[in-house]
Amino acid sequence: MNKQGRALALIRAARTAAEEELIRHREGKGTVGSLRQLEAVCEKLITMEQLVNEKAFPPIAERDQGMGRMVVDSWPMESSLGELVLKAEQECLKL
């Protein structure tokens, strides 16, 4: 699998996990982040997927890295969702 394929796979896995956690939050059973954070993560993952599909990458210095900072600063270190989000963001920075 090439870099683009790896990035897309990680983005899709992170997006699926984030959407599942968002549903749990709406049911009052969320365990990671807040409703607002998860909504923002889902939106950013959708944007990342579009950029990868279109190969429309801004320069690395201008790419949004806010998800990773949020995860590291406010989510539990052992969060599997947080790990997926970080991996997806890092893989996109390699493109």
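**Helix packing and the largest pocket**

In this predicted model, the residues lining the largest pocket comprise eight nonpolar, one polar and four charged ones. The pocket encloses about 230 Å³ of space. Its lining consists of 13 residues, and those nearest the centre are M48, L51, R63, D64 and C92. Two elements, helix 2 and helix 4 (80-93), each give two or more residues to this lining. Helix 2 supplies the largest share, with five residues.

The packing of these two helices may be considered next. Helix 2 and helix 4 are packed at an angle of about 30 degrees, and their axes are 11 Å apart. Angles under 35 degrees count as roughly parallel, and helix 2 is therefore roughly parallel to helix 4. Their crossing is left-handed. On the side of helix 2, the contact is made by L38, V41, L45, M48 and V52, while helix 4 contributes L81, V85, A88, E89 and C92. By class, this contact contains nine nonpolar residues, no polar residues and one charged residue. Both M48 and C92 take part in this contact, and both are also among the residues nearest the centre of the largest pocket.

Helix 3 packs against helix 2 as well. The axes of helix 2 (residues 35-54) and helix 3 (residues 66-74) come within 10 Å and cross at roughly 150 degrees. Because angles over 145 degrees count as roughly antiparallel, helix 2 and helix 3 are roughly antiparallel to each other. Helix 2 passes helix 3 in a left-handed crossing. Here Q37, V41, K44, L45 and M48 of helix 2 meet G66, M67, M70 and S74 of helix 3. The contact residues comprise five nonpolar, three polar and one charged. V41, L45 and M48 in helix 2 meet helix 3, and V41, L45 and M48 also belong to the contact with helix 4.

The remaining pair to describe is helix 3 with helix 4. Their axes come within 9 Å and cross at roughly 150 degrees, which makes helix 3 roughly antiparallel to helix 4. The crossing of helix 3 and helix 4 is left-handed. G66, M67, G68, V71 and V72 of helix 3 make the contact with G82, V85, L86 and E89 of helix 4. This contact has five nonpolar, three polar and one charged residues. Within helix 3, G66 and M67 touch helix 4 and also meet helix 2. Within helix 4, V85 and E89 contact helix 3 and likewise take part in the contact with helix 2.

Notes:
Residues are numbered from 1 along each chain as its sequence is written. This is a predicted model: local features need pLDDT of at least 70, side-chain atom pairs count only at pLDDT 80 or more; totals for chains, interfaces and linings use all residues. Side-chain values use heavy atoms; hydrogens and water are left out. Axes are lines fitted to C-alpha atoms, for helices over the stretch in contact, and angles run from 0 to 180 degrees between N-to-C directions. Helices (H or I, at least four residues) and strands (E, at least two) are DSSP runs, numbered from the N terminus. Angles under 35 degrees count as roughly parallel, over 145 as roughly antiparallel, 65 to 115 as roughly perpendicular and the rest as oblique. A crossing is left-handed if the near helix is turned anticlockwise from the far one by less than a right angle, and right-handed if clockwise. Contact means heavy atoms within 4.5 Å. Ala, Val, Leu, Ile, Met, Phe, Trp, Tyr, Cys and Pro count as nonpolar, Asp, Glu, Lys and Arg as charged, and the others, Gly among them, as polar. On a 1 Å grid over the protein atoms alone, a cavity is a set of points where a 1.4 Å probe fits but cannot get out, and a pocket is an open set with protein on both sides within 12 Å along at least five of seven lines; lining residues have an atom within 4 Å of a point. Grid points are joined across faces, edges and corners, and a volume is the space filled by probe spheres set on the points.
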